Amino acid sequence: MNVYDSEQIAARLAALGYQQTGILEIADLVIVNTCTIRAKAEQKAFSFLGRLAGLKMKKPGLIIGVGGCVAQQEGAKILRRVPQVDLVFGTQAIDRLPLLIQKIGEKRCRIVDVALTEKSSPSNALTDRRLDGSVSTFVTIMRGCDNFCTYCVVPHVRGRETSRHPDRIMEEIRSLVLSGVKEVTLLGQNVNSYGKKEGLCSFPELLARVNSIEGLLRIRFTTSHPKDFGSDLINAFKTNEKVCNHIHLPVQSGSDRILKRMNRKYTRELYLDKITKLKDTCPGIAITSDIIVGFPGETEADFNETMDLMKTVQFDGLFAFVYSDRPNAPAVQFKNKISEEEKRKRLQTLLKLQENFTRMKNQALVGSVQPILIEGISKKQSSGNFNCPDPIVQWTGRTSTNKIVNFYGNDHPQCSADIFPGKTVRTHIEKAYAHSLWGKPVEVKSATGGLKGEESYAA
Ligand code: SAM
Ligand code: SF4
C-alpha cells in the first residue's frame, strides 16, 4: 500500500516540476513515506530521518517531508524530535501535498497536516497512471479498516474503511494496461468487504469486471480476512480465468483463545473449513498466510496449536512476525507479555517448520511446465549474489501461484524462446531453491523474434 501511495506522491510532485533521483545527496526535496505496523518499521523511519538531518546540515535548502502512518501517529512530535523536518503529512493528506510543498517553498515555514476524517476519499487517487515499463503493479481499491484487531495500528492511522468506486478502479487499470501493465494486484486491508458499506458492487463482482479488461493478463489481490472470505470468492477463482491461483489468507494464530483475544472473529475450525473448501474447489492453489508469535498471554500450548495448524494447511509461504506493542492498539494494555527472548525462540521454531513446507511446495513443481509472466532481468543476478553457474543475464517471472522463476534470456544458447517483459512463456521447471525456482522456457523462437504482446495469454 505504501508503494502505491509513494507512486501517487511522486506523480503529484512531478506535476510541480520535480524529477526523481536515485542520488539522495543531490535531492532538493525528500519525502519519507513511513510504515508503523510494527515497532521496527517505525525505528527504521526515525533512523533514516537522522541521516537526512545530517544531510540538511550540509545543504540547508533541502526540504524534508514525512508522510504515511508514522506521520499520522506522531504528528507534531516529529518536528520536535527531528528539527530538520519541514513537513509532516498524514495518510489522508496526499492530495494536499502540492499546496503544502509550495507553501513551504514560498514561506520557509514548517507544517503539520494530519487531519483524519471519518470518511477518507480514496477516489482522489490519480487514475491516469503511466508507468515506465512495469509489467505488474498495485491498485488500491479501498483504504482504512473497520476490524480493530487488538494488536493493530491500521484503523488508528488509516481511518475507517472506504471503498473506491468501481468505475474509477476500471479507469485506472485500463490506463495502466495502455502503458504496458499485464498484471495488477488489488489492494485493501480486507478486500472481502469491498463496496459493502457504500452499496457498490461486491468484491467478486469487481473481479469479474476487472477480468473483462482486454490486454490485462493476470489479477491478484490482497488481503482477504478469513471472517469474510466466502464461497462467492472461492468460485471467483474458477469463473475468472485471469485471477491467479494464489490466496493470501492471514490466520495470525492457530489457537481459539488467542484469536478471540486478537478480536479476529473466526475460529481455528472455521479457518480450516474454508481452507478445505478452497483446496477442493481450486486444486493446486497456493496458500500463504501471516502469523504473529508471542501475542500477550500466548502459552506454549497456544503456540503449539499454531504449529499444528501449519502442519494441517501446509502453507506455500508465510510472513511471520513477533508481536510488538503499537500505540492506541488495545493489546498494549494486555497482561502477560511474552519476553523478547521467548518471542524470538518461537519465531525461529515456526520459521524452521515453514522452511520445510516452502521447499516441499517448490520441489513439487520440478518437472512440470508452468506459464510464467516475464517481469524483467533478475535483480538478484544484477546485484551478483544469486547462485547462478555463470554470469550470463538471467530473467525472472512468476507462476500463477506467485512463485519466482529465474531463467536464461535470448542471449543464452540454452534459451530457445523469445524473452521480453510482459510475455507469458511456458517454462519447464528444472530446479527448486528455498525461495525461487529455476526453469527453461520451452517455446521455440519465432523467425521474426516475436511481436511484443501478441503471444500473451492469460495464465
Ligand atoms: N489487513 C491484513 C490482515 O488483517 O491480515 C493485514 C494487516 S497488516 C498490514 C500485515 C500483518 O502485520 C498482519 O497480518 C499481522 O500479521 C502483522 N501485524 C500487525 N500488527 C502487528 C503487531 N502489533 N505486531 C506484530 N505483527 C503485526
Ligand atoms: Fe489490522 Fe485487523 Fe484491519 Fe488487518 S483486519 S488491518 S490486522 S485491524
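**Note on the shell of ligand 2 and the salt bridges**

1. The shell around ligand 2 in this predicted model holds seven nonpolar residues, three polar and one charged. Its members are C145, N147, F148, C149, Y151, C152, V154, P155, Q189, H225 and R264. A residue belongs here if one of its heavy atoms lies within 4 Å of the ligand. Ala, Val, Leu, Ile, Met, Phe, Trp, Tyr, Cys and Pro count as nonpolar, Asp, Glu, Lys and Arg as charged, and the others, Gly among them, as polar.

2. Local features need pLDDT of at least 70, and side-chain atom pairs count only at pLDDT 80 or more. Residues are numbered from 1 along each chain as its sequence is written.

3. The whole structure contains 28 salt bridges (a side-chain nitrogen of Lys or Arg within 4 Å of a carboxyl oxygen of Asp or Glu). One of them joins E42 and R326, with the closest N and O atoms 2.6 Å apart. Because E42 lies in helix α2 and R326 in the loop between β12 and α13, this pair ties together parts 284 residues apart in sequence. Helices (H or I, at least four residues) and strands (E, at least two) are DSSP runs, numbered from the N terminus.

4. E42 is buried at 14% relative accessible area, and R326 is buried at 4%. Buried means under 20%, exposed over 50%, and partly exposed in between (1.4 Å probe, protein chains only).

5. E375 and R398 form another salt bridge, with the closest N and O atoms 3.1 Å apart. The pair links strand β13, which holds E375, to strand β14, which holds R398. E375 is partly exposed at 29%, and R398 is partly exposed at 23%.

Note on methods. Chains lettered and ligands numbered in written order. Heavy atoms only, no water.
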